[in-house]
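Work through the exercises below with the sequence and the structure in view. Each task is followed by a solution that goes step by step.

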Amino acid sequence: MSASTAIFVALFTLAIAVLPTWKYSKVWGGGYTPSIFCSMMLAAHLYTVMFVK
């Protein structure tokens with residue numbers, strides 16, 4: 001597994017873990033802020049993997 005794939009899996013798992021509708025997301029602060037921040041990191045990683053050479 002490449003480093004890029006490991007980062008993608010970790011960020012995707014974290015994005016699922018901070019979903020505001022998940023009952024355990026209160027540990028991460030609840031609300032939409034953690035999920036928006038994590039989604040932005042995931043989008044930036046996907047952009048750099050796909051378009052930056």
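A helix is here a DSSP run of H or I with at least four residues, and helices are numbered from the N terminus. With this in mind, Cys38 can be placed in helix α2. The model is a predicted one.

**Exercise 1. Describe the protein chain as a whole: how many helices and strands does the protein chain have, and what percentage of its residues is buried?**

Step 1. The protein chain has two helices and zero strands.

Step 2. Of the 53 residues in the protein chain, 21% are buried.

Step 3. The accessible surface of the protein chain comes to about 4100 Å², and carbon and sulfur atoms account for 75% of that surface.

**Exercise 2. Determine how α1 and α2 are oriented towards each other: are they roughly parallel or roughly antiparallel?**

Step 1. Helix α1 covers residues 3-17, while helix α2 covers residues 33-51.

Step 2. The two helices pack with their axes 9 Å apart and at an angle of about 160°.

Step 3. Angles over 145 degrees count as roughly antiparallel, and therefore α1 and α2 are roughly antiparallel to each other.

Step 4. The crossing of α1 and α2 is, in addition, left-handed.

**Exercise 3. Work out which residues of α1 and α2 meet, and what kinds of residues make up the contact.**

Step 1. On the side of α1, the residues are Ser4, Ile7, Phe8, Leu11, Phe12, Leu14 and Ala15, and they meet Cys38, Met41, Leu42, His45, Leu46 and Val49 in α2.

Step 2. Sorted by kind, the residues of this contact of α1 with α2 comprise 11 nonpolar and two polar ones, with no charged residue.

**Exercise 4. Is Cys38 buried or exposed, and which residues are in contact with Cys38 once its neighbours within four places in sequence are left aside?**

Step 1. The relative accessibility of Cys38 is 2%.

Step 2. Buried means under 20% relative accessible area, so Cys38 counts as buried.

Step 3. Leaving aside neighbours within four places in sequence, Cys38 is in contact with Leu11, Leu14, Ala15 and Val18.

Step 4. Leu11, one of these residues, is 27 residues from Cys38 in sequence, yet their C-alpha atoms are 7.0 Å apart in space.

**Exercise 5. Carry out the assignment for Ser35, Leu14 and Val49: which of the words buried, partly exposed and exposed belongs to each?**

Step 1. Ser35, which has its place in helix α2, is buried, because its relative accessible area is 9%. With neighbours within four places in sequence left aside, Ser35 is in contact with Val18 and Pro20. The C-alpha atoms of Ser35 and Ala17 are separated by 8.5 Å, although the two residues are 18 residues apart along the chain.

Step 2. Leu14 lies in helix α1 and counts as partly exposed, because its relative accessibility is 28%. Between Leu14 and Ser39 there are 9.1 Å from C-alpha to C-alpha, and the two are 25 residues apart in sequence.

Step 3. Val49 lies in helix α2 and is partly exposed, with a relative accessible area of 38%. Val49 and Thr5 are 44 residues apart in sequence, and 9.6 Å apart in space from C-alpha to C-alpha.

How values were computed:
Residues are numbered from 1 along each chain as its sequence is written. This is a predicted model: local features need pLDDT of at least 70, side-chain atom pairs count only at pLDDT 80 or more; totals for chains, interfaces and linings use all residues. Side-chain values use heavy atoms; hydrogens and water are left out. Buried means under 20% relative accessible area, exposed over 50%, partly exposed in between (1.4 Å probe, protein chains only). Accessible areas come from the Shrake-Rupley method with a 1.4 Å probe; for residues, only the protein chains shown count as cover. Axes are lines fitted to C-alpha atoms, for helices over the stretch in contact, and angles run from 0 to 180 degrees between N-to-C directions. Angles under 35 degrees count as roughly parallel, over 145 as roughly antiparallel, 65 to 115 as roughly perpendicular and the rest as oblique. A crossing is left-handed if the near helix is turned anticlockwise from the far one by less than a right angle, and right-handed if clockwise. Contact means heavy atoms within 4.5 Å. Ala, Val, Leu, Ile, Met, Phe, Trp, Tyr, Cys and Pro count as nonpolar, Asp, Glu, Lys and Arg as charged, and the others, Gly among them, as polar.
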